[in-house]
Amino acid sequence: MSTPPLLELHDVTVAYHGRPVLWHVDLAVESPCLYGIIGPNGAGKSTLVKAALGIVPLADGWVKFFGEPLDRVRGRVGYVPQRESVDWDFPVRAIDVVLMGTYHRLGWMRRVGRAERELAAACLDRVGMADFATRQIGRLSGGQQQRVFLARALAQQAEIYFLDEPLAGVDAQSQQQIFRVLSELRDEGKLVLIVHHDLRTAASWFDRVALVDMRLVAAGPTEEVLSRENLARTYSGHLEVLDELGRAVEAGRRTP
Amino acid sequence: MSGLRGVIEFLTASGGMHGWAMATAAVVSAAAAVVGSLLVVRRMSLIGDAISHAVLPGIVVGVLLGGRPGGPLATLGAVAAALLTVWLAELLRGKARLSEDAAAGVVFTTLFAAGVALLSAAASRVDVDPGCVLYGMLELVPFDTVELAWLEVPRAFLGGLLVLAGVLAVLWLSWRQQLATAFDADAAAVVGLPAKAMTTGLLCATAVVTVASFEAVGAVIVVAMLVVPAATAELLVATLPRLILVAVGLAVASACSGYAVAWQAETNAAGMIAVMLGVGYAAAVLIAPDGMLARGTASLRLAWRVVCEDVLAEAWRAEEVGAALPASPRGGLAGMLAAWWLTRRGRLLPGGRLSEQGRGQAEMVVRSHRLWETWLGRHVRLPLDHLHPPAEWIEHYLGAEMRQRLEAEMAHTPAGSVAADPHGSTIPPER
Amino acid sequence: MTMLTAVADLLGLSSNTLLVAVAMAAVGMAAGVVGCFSVLRRRALIGDAAAHATLPGVALAFVITGSRGLPVLLIGAVVSAVASMGLLVLLRRFTRTRDDAATAIVIGVSFGMGVALISGLVARGVPGSGGLERFLLGSTASLSAADARLLVIVSLLSTGLVAAFVKEATVVSFDPGFAAAAGWPVWWIDFALVAMTAVMVVAGLPAAGAVLVTALVVIPPVAARQWTDRVGVMLVLAGAFGLVSAVAGVAASAVVPGLATGPMVVLAAAALFAVSLVCAPSRGLLAMALRPRMPLAPPERGGP
C-alpha cells in the first residue's frame, strides 16, 4: 500500500452565508516542499486554508491530512493566520504568544511548565526575536509581529504548516528571516503551504504552486504552472459565471 | 361604533387624563423615534444608550439649581452631561486605548451612578422620585399643567411637542448634510460638509429628547424608544425618509397601545410601551419582506422545486435510454408527493411518463446538468468522476440566459462546440 | 463560623452584616475576574444586555414559584439573562439588525418588560412583590446569611473556573482563528465565557442592581488593564479592584442611610479607574505626558 498524500482536498466547496465562494477544489500534495497558494485578491486563497483547517465549514467535499481527518492529527498541523485577525492591544507579550503554540499539546487545564518555556524561548530565538520576548505584542513592528507568529507555529512542532500572507506588509529584513526559516523547515522534511499574492516573487520562492481564483485553475511544479496561459486564466478568468451563479445559489433562485 | 365610543370615553374620562397622558407619550416617542432613526442608521445605538443614562446627573444638577425635571435648566444640564459623556468616551478610547463599548460602559455607568447618588444625597431638597429615574411617571403627567389660552395643557406634553417640533425643524434644515453624514461620515467630511457638527448635534438631540421623555418614561426605558422603532422600520423599508416615517408611526402606535394596555393591566405605562415596541419588532422580524416567514417559505419552495425537477429529470433520462421507469421516484416520500403533484398539474401522465409540457421542463434541467458538467470539465479541470455531484446541485440554478452563455462561451474554446457532455451524453438544445 | 463571629465582635458588627460584606467582596472579586475576558473580547456591553434582561426573569420566577427567596429569584435571572444572550445570537444570525441596535433593543425592551411585570405585581398588592424593586438599583439590606453563603459559593466557583481555564480563554480571546485551527472548541469556550459573565451579572444584582451591575464586570478589568501587559496580572488586579470597590460601596451605603448600594459600588470602582488612568506606570496619562513619545515600533537590529 502506498503512503497517503500529506494533504488531500477532495471536491472542496466553501460557502459564506449560503453563497459559494470557492468551488470544487481537488488538490493533493504528496511530498514536503514550499507550496505557494496564489491568486488575485478575493480569489478565496485564505478561505481555502481556513476550510482545510476546519475554521470555516465545508459546503461539500472533504480534507485529509496524512490520510486521516484533521481531528486525529491536529497536533501535526501548524497555522499562522493573517495578522489582521488579531487584537493588538491584547495584554500578551511576545513570549506569551509563542507559548500559545504549546497549548494544544498540553491539553485542557494543564499549566505551562519549564519545558514549554524553554521551547518557546528557542523558537523565538530561531526567528531572531529573542531580545523582544517581554515586549507587548502591539509594540512590535509588523515584520516582528509576523516573526513572533511564525515562532508560535514553530512551537506547535508540526509537520505541515499553513501561513496566510506571512509576507504582506513586512519589512525586507523580516521577509528574509521568515523565508530562511521556512526553507529550513522544508529541508527538515516539513510541508509548508503559503498563501501569497505576489506573482513576481512566487516563481523564485516556491517549489510548487496552486493557482486559485474561486476554483483551482492549476497546480503542480512552479515553472509548469506559472505559464502564460494559466496566469491569463487566473487573472482574467471566468469569474462572472461563478459570481452570478454564487449569487443565485445564495438567493435560492435561478440565474437569468 | 360602541368600540369607538369606548375609546373616546377612555380618552376624555376624568378631565381627559388618559388622553393627555397618551398624547404626551406619543409626542415624546415620536421625537425619540426621529432622533433614534439617525442613531440607528449611523450605528450609534449604543452611544444613544450611553447618553440616555449619562444625562441623569445633568438633570439632577439642573433640578438642584431650581429647575424642573423637564425644564430648560435640566435640559441645559443634560446637554452638558451628554457632551461630557462623549468627550470622556473619546478620551478613554484615545488615551486609555479602550474599545468603544468598554469606554461607553465605564462612562455611562459612572455618570448614572453619580446621578443616583446625587439624587439620594439631596433627597430632601429635590422632588424627583428615584422610580421616576428608572421608569417615569406617565400616569402623573396630566396633573402638572400650564394654562395655555383657554386650555390646561400638561407641561410634559408641551415640552415634548416643542422638542418634536425643534427636532423636525433642525432635521428639515440640515437634511442634505444629515443624509450625507449618515451615509458616510468620512466622505462627508472630506467634501467639506460639517460632519462633526452633525454628529455633535445628533448627540445633543439625543440628550434633549431624553430630558423631554424623562418625566414620562425615565432615563432607562427611553433607549427602547430611541432604538426600537428605527430598528423595526429598518427591517421594513429601505430609504431614510421612509424609515423615519415608519419609525414615527410605530412609536406613536406603541405609545398609545402601551399606555392603554398598561392601564387595563394596572401596571407601569413606560414599561408596557417598551414591551409594545418589542412586540412590533418581533412582528417585523417575522413578516418583513426578507423576514423569517418569507425566508422560510422561500427555502421550502426551493426544496420543493428541486424535488419536482429531480423527478422530471429522472423520467426524462429513463425515456432517453428507453429504460423502464423505476417503481417509485427518487427522494422517498417527498418524491412520491412530487410525482402526484406533477401528475395533477399535467407534467406527468398517469403511469409516470412525461407529458409534452413536462418533457420540455425536464429537458432544460438535463440540459443544465450536462452543460455544467462540460463547463466544469473544461474550466475547473475536475476528474471525470467528480463532475456529476456538482451538476446535480447546480442544475437547479441555471437560467436560460446563463445556459446559452455557457454554450456560446464553450463554442469558442479550442475543443469546439459542445454537443455532448464529458460522459458522452447528448446535451439537449434550448427550447 | 466561630472565627467569623469573633471577627464580627471585634469590629462591633453583627455577624450577619459581616457575612454580607464578605459576600459582596467575593462577588466584586469574581465579577472583576470574569469581566476581564468580556472586556478583552470587546463584549463589554453584552453584559449590560444580560443585566437588564435579568429583571423579567426575577419577576417571572417570583410569579411562578411565589417565593421571594434569593436563590429562586437568581435562578430566574440567570435563565432570562442567558436567554437574552441566545436572543442576541439569533438576531445576529437571522435579521439585518446590526449588533449595536440589537443590544440596545434587548436592553430597552427587557428592562421595560421587567418594570411592567414588577409594577403590575406591586399594584395588585401581591405580598412580597415590593421586595423585587431592590433589584433595580441594588440593596443588600435584606440579604440573609444563607443568601450571602450562596453568593460566596457562586463567586468562588466562577473565579476558580476562570483560574483553571485561563490558558484556553486567553488563546481563544486573543486569536480565535489560530485557536480554532489548533482544535480548541472556540464556540463553546466563548459561550462559557459569556454564560459566566451572565452568572456574575446576576450574582452582582443584590450589590448593584440591574441598571448598574454591568459596571462590576467592566470597570475593574479596564482599570486593571492600565497597569499590566499580562493576562494573569490583569486577572488578579481586576479581582482586587472589584473586591475593594464592592466593600467600599457597601460600607458607604451602610454608613449613609437611604443611599442605594449600586451607585456607591460603581463610584468606588470609577475612582479606582480614574487613579489607574492617571497613575499607571506605562499607559497612565501622567507617564505619557512625562515621556515625549512612546516608540511604538522600535527600529530592528541591523535593519535599514
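This note goes through the chain interfaces, salt bridges, enclosed spaces and two hairpins of a predicted model.

1. Chains B and C. The contact between these two chains involves 54 residues of chain B and 54 residues of chain C. Putting chain B and chain C together buries about 4,500 Å², and carbon and sulfur atoms contribute 71% of that area. Two salt bridges cross the interface of chain B and chain C. A salt bridge links the side chains of Glu234(B) and Arg98(C), with an N to O distance of 2.8 Å.

2. Chains B and A. Here 28 residues of chain B and 27 residues of chain A are in contact. The buried area between chain B and chain A is about 2,400 Å², with 57% coming from carbon and sulfur atoms. Three salt bridges are found across the interface of chain B and chain A. A salt bridge also pairs Arg405(B) with Glu244(A), where the closest N and O atoms are 3.2 Å apart.

3. Chains A and C. Over all chains, the structure holds 36 salt bridges. One salt bridge is formed by Arg42(C) and Asp87(A), whose closest N and O atoms lie 3.1 Å apart. Arg42(C) sits in the loop between α2 and α3 of chain C, while Asp87(A) sits in the loop between β5 (77-80) and α3 (94-106) of chain A, so this pair joins two chains.

4. The largest cavity. The model has five cavities of 30 Å³ or more. The largest cavity encloses about 150 Å³. Which residues lie nearest the centre of the largest cavity? They are Asp89(A), Arg97(B), Val39(C), Leu40(C) and Arg42(C), out of a lining of 15 residues. Arg42(C) is thus named both here and in the salt bridge with Asp87(A). In chain C, α2 (15-40) and α12 (214-225) each give at least two residues to the lining of the largest cavity. By class, the lining of the largest cavity comprises eight nonpolar residues, one polar residue and six charged residues.

5. The second largest cavity. This cavity has a volume of about 70 Å³. Its lining includes Phe37(C), Ser38(C), Arg41(C), Arg43(C) and Ala44(C). Ile46(C), Gly47(C), Leu193(C), Val194(C) and Thr197(C) also line the second largest cavity. Two or more lining residues come from each of α2, α3 (44-65) and α10 (186-203) of chain C. Five residues lining the second largest cavity are nonpolar, three are polar and two are charged. Helix α2 of chain C therefore appears in the linings of both the largest cavity and the second largest cavity, under the element assignment used here.

6. The second largest pocket. The volume of the second largest pocket is about 570 Å³. Of the 28 residues that line the second largest pocket, Ser84(C), Leu87(C), Val106(C), Val109(C) and Met113(C) are nearest its centre. The elements that each supply at least two lining residues are α12 (269-287) of chain B and α3, α4 (70-94) and α5 (99-123) of chain C. Which element gives the most to the lining of the second largest pocket? The answer is α4(C), which provides nine residues. The lining of the second largest pocket has 21 nonpolar and seven polar residues, and no charged residues.

7. The hairpin of β1 and β2 in chain A. Strand β1 (residues 7-16) and strand β2 (residues 19-29) of chain A pair in the antiparallel sense, over seven bridges. Within this pairing, Leu9(A) has Leu27(A) in β2(A) as its bridge partner. Two residues lie between β1(A) and β2(A) in the hairpin, and His17(A) in the turn has a positive phi of about 50 degrees.

8. The hairpin of β8 and β9 in chain A. Strand β8 (residues 208-212) and strand β9 (residues 216-221) of chain A are also antiparallel, paired over five bridges. Arg208(A) has Pro221(A) in β9(A) as its bridge partner. Three residues separate β8(A) from β9(A) in this hairpin, and Met214(A) in the turn has a positive phi of about 65 degrees.

How values were computed. Residues numbered from 1 in each chain as written. Chains lettered and ligands numbered in written order. Predicted model: local features only at pLDDT ≥ 70, side-chain atom pairs only at ≥ 80, totals over all residues. Heavy atoms only, no water. 1 Å grid on protein atoms, 1.4 Å probe; cavity = no way out; pocket = protein on both sides within 12 Å on 5 of 7 lines; lining within 4 Å. Points joined across faces, edges and corners; volume = space filled by probe spheres on them. Helix = DSSP H or I, 4+ residues; strand = E, 2+ residues; numbered from the N terminus. Nonpolar A, V, L, I, M, F, W, Y, C, P; charged D, E, K, R; others polar. Pairing = 2+ DSSP bridges. Contact = heavy atoms within 4.5 Å. Buried area = accessible area lost by both parts, 1.4 Å probe. Salt bridge = Lys/Arg side-chain N within 4 Å of Asp/Glu carboxyl O.
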